[in-house]
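Trainee: I am new to this structure and would like to go through a few of its elements with you.
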Amino acid sequence: MKPARRSARRRSLPSMSRPAPRAVTVVLAAASLIALPRSRAYSQVIDYQRMEQLFGEPVTSSATGKPQRASDAPANMEIITQDDIRRSGATSIPDALQFVTGVEVRSYGIADAEVGIRGYNQSYNPRLLVLVNGRQVYSDNYGHVSWPTIPVQLDEIRQIEVIKGPNSALYGFNAVGGVINIITYDPLHDKVNAATLRGGTQNYFAGSVVGTGRIGADVGVRMSAGGFHATDFGSGDLALADAGSRDLSPDVGNVSVAATARVAAGVETFVEASMGDSRYAEKGFADTFDTTFTRTNSVRAGVNADTAIGLISVDAYRNEERDSIGQTTLTDVAPWSNQDVYVVRASDVVKFGSDHTVRVGLEYRNNSQTAPGYVQGTIGYDVYAASLMWDWAITPRLSWTNAVRVDDLNMRYSGILAAGTGITNADYAHENFAVPSYNSGLVFNVTDLDTLRLLVARGVQVPSLLDFGLQFSEGKVGPVVVAGNPNLHPSTVDNVEMDYDRSLPSIGSTVRTALFAERTRDIISEPFATRPFVGSLGVPVFLAGNVGGSDAVGAEIGLKGHSASGLRWNASYAFVTTTDGTVQNATSTSIDYAHAVPRHVVTAGIGDTWERVEIDLMGRWQSSYRDFQFNGNAADLVPIEIRNFLTLTAHISYRLTDNVTLALTAQQFNTSRLLQAAGPPLDRRFFVSATAHF
Amino acid sequence: MRVWAPLALAHLALIPAPAHAEVTPVDLQIAARALGFMERPLSGNVRLGVVYDPAEDGSMANADAVVTSLGARLKAGNLVFEPVAVNIDAALIAPVDVLFLPDGVEDRGMKIARATAQRRLPCITLNVSEVQSGNCVLGIQVDPKVRIYVNRAAAAASDITFVSVFRMMVTEF
């Protein structure tokens, strides 16, 4: 049974040409027609840096699609700035996220991490939508985020926006546990030139370079490249089958280029492209370890225009992912998978009068996964979506934002179905559903120091393409049939929340609190976690299914501040408890949300800057929780109790010259080896780095 | 809006109206950055007319104090402010690029509104009630949190338009 648990990946990466949908061409052409600038339009559409300098805080459009300062957003949002990233000594994006209140990062290896928000974290976590400048980097095929393949270097990140709770009304499917939008510097407005070399224990070596150039006054281009090589952590107590599947020499590399051109006053066009190639051990689909090979590329183009009828944005992008596993005992299965995603979007944000801002959006999505060994053909779907947001400034201190979106999904499948499940091609052909989602938020600035938020939202999680279309006929993985299910329902997550923020200017700090309750319905389970039935072939059939619901309740409190002298501090406590109402195959499921969340998490940090020296110390303590691990002998997973632990990180940097900074980082320096999840224990790590800005 | 007017007024009461606010360079820094989001932004050296009302006791002294505190040339964002005291009765003809309303001229604010409308000049103030009443286009509050207020009618009268993004992030009257 072990082979069937492996994710479907292989080294061979066959090309797959596919013409872009006609809609892409049509919309891009239309963009140039509708982007009619104001007659005396200002030269910039949105300039994060100038807005940030004006308001003294980060600005964002990730909460509603409307540009707004972070403290005004009708969402529980944490923003990690470039300064935060630098001072944390992070070597990856998950590193930078691990000290955020309510965010849990599970490391399953030196490159593999899963990130969850407010519970429900697991290997191949499907509940977190991750984007780069609004472009999805979440993989629809397996339903997760492969963090090392995100083609962004840390030096080119302006800010990482973490939205807690559902936000499907803006982003659509899978923005249920939360959304992370990684915002990079603008090639036209931000000049970023940096090169970093980093070396460390585990034979770690990494390098990155980011360069920005101007072509004339109206075109900016940024290029970046980076990657790392390391020796992964030893496998510890992993089952032999898992340990043997882990290639301990991860290699990751990504390149990207982005260009923005001011084509008229108030009108900017942009183009982005990226490529990545990675190989690393990960805990994959159905909780077994594999060594994943992934090649990705993306192309995106769009227009932003400040016009007489509002801020118009039109963009289209294509994501391509070719992945496989390098080591597999699935000798009868071609273990590779190709995924293509095409998205075309258009939106207009317009302010009516002094009190009302409205955003209308349209989106078309086409995705497909071709995997002869796993889905025995090609599965995909088309999604047509429309959204509406209305922000009403009821008074200067009270605003109410409502957003609604409807996604209409229509499935496609061509291939050979596994026999004996009772599912026919007609089931796939007829599968379609339209799902509404919404966000509503009341933001009340009680005084200049106090902000109260009342939030209600419904998010929608769609099954992964494998959940829909996996096809393992009898004999492929033993005397059973294992299959996806086109009749799966999307899972919905309802969230109610009350936040209260209080500024404490006397100590240069802000206290943020949150209370939330969340209900998940129709949890989607991969085939092995469902109870089998005897199919028409007389053998057990495992079908992906909806297995019930779950409730979560939680609270968060955090304090963050700094002094004029450079001293900075933060501390937070997050609590979440979960109850499940699920029906599953008890011996082969990792769906045990009630125990699989650390209920108590405390983070704290302190740092200071003295002229050329920066020192920061960060810590995270979390209570025990249960994770799952393959037992190596059968289909079963065994629970692994992860004891409570404390991990400390220290970072010290010295600015050698105005342009060159040297840094030393110690991760988990308080203990030499620590089991943080049901995977390899993590070793204490040290890094030295040199960064040059030019 | 009519239904919500009482509520709006109730909340406006919570807006601090710094009747005797002391002008600092930081206020002008914020003002300069806000003016940078006009569709036709100012640039370079900008003559800042600090208005006083000779009929009001202490108004001229207050304006002079503001000018002195800001210095001869104050770099703020992309602008270099060159403050000079301006008699409110000469606001229509004074050689300035921006008018600044300090405390003490509230009673004749309409005169400023007329002057800025006729001359297409931006007007900035720290007194939000001057913006709310339409006497001034742009209101600045720095502490404890930066807030920007814009009077749309006054802006339109002065032929001043702000970019959409800016409008979405400030409080408009």
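Mentor: We will take one helix and then one group of strands. This is a predicted model, in which local features need pLDDT of at least 70 and side-chain atom pairs count only at pLDDT 80 or more, while totals for chains, interfaces and linings use all residues. Residues are numbered from 1 along each chain as its sequence is written, chains are lettered from A and ligands numbered from 1 in the order in which they are written, and side-chain values use heavy atoms, with hydrogens and water left out.

Trainee: Around the axis of H2(A), what arc do the buried residues cover?
Mentor: Helices (H or I, at least four residues) and strands (E, at least two) are DSSP runs, numbered from the N terminus. In helix H2 (residues 48–55) of chain A, the buried residues (under 20% relative accessible area, 1.4 Å probe, protein chains only) are A:Tyr48, A:Arg50, A:Met51, A:Leu54 and A:Phe55. They lie on the same side of H2(A), because the arc, taken from the directions from the helix axis to the C-beta atoms, is only 170°.

Trainee: Which residue of E8(B) is the bridge partner of B:Val150?
Mentor: B:Val150 belongs to strand E7 (residues 147–150) of chain B, where it points the same way as B:Ile148 and is buried. Two strands pair if DSSP finds at least two bridges between them, and two bridges join E7(B) to strand E8 (residues 171–172) of chain B, the two running parallel. While B:Leu138 stands opposite B:Val150, the partner of B:Val150 in E8(B) is B:Glu172.

How values were computed:
Buried means under 20% relative accessible area, exposed over 50%, partly exposed in between (1.4 Å probe, protein chains only).
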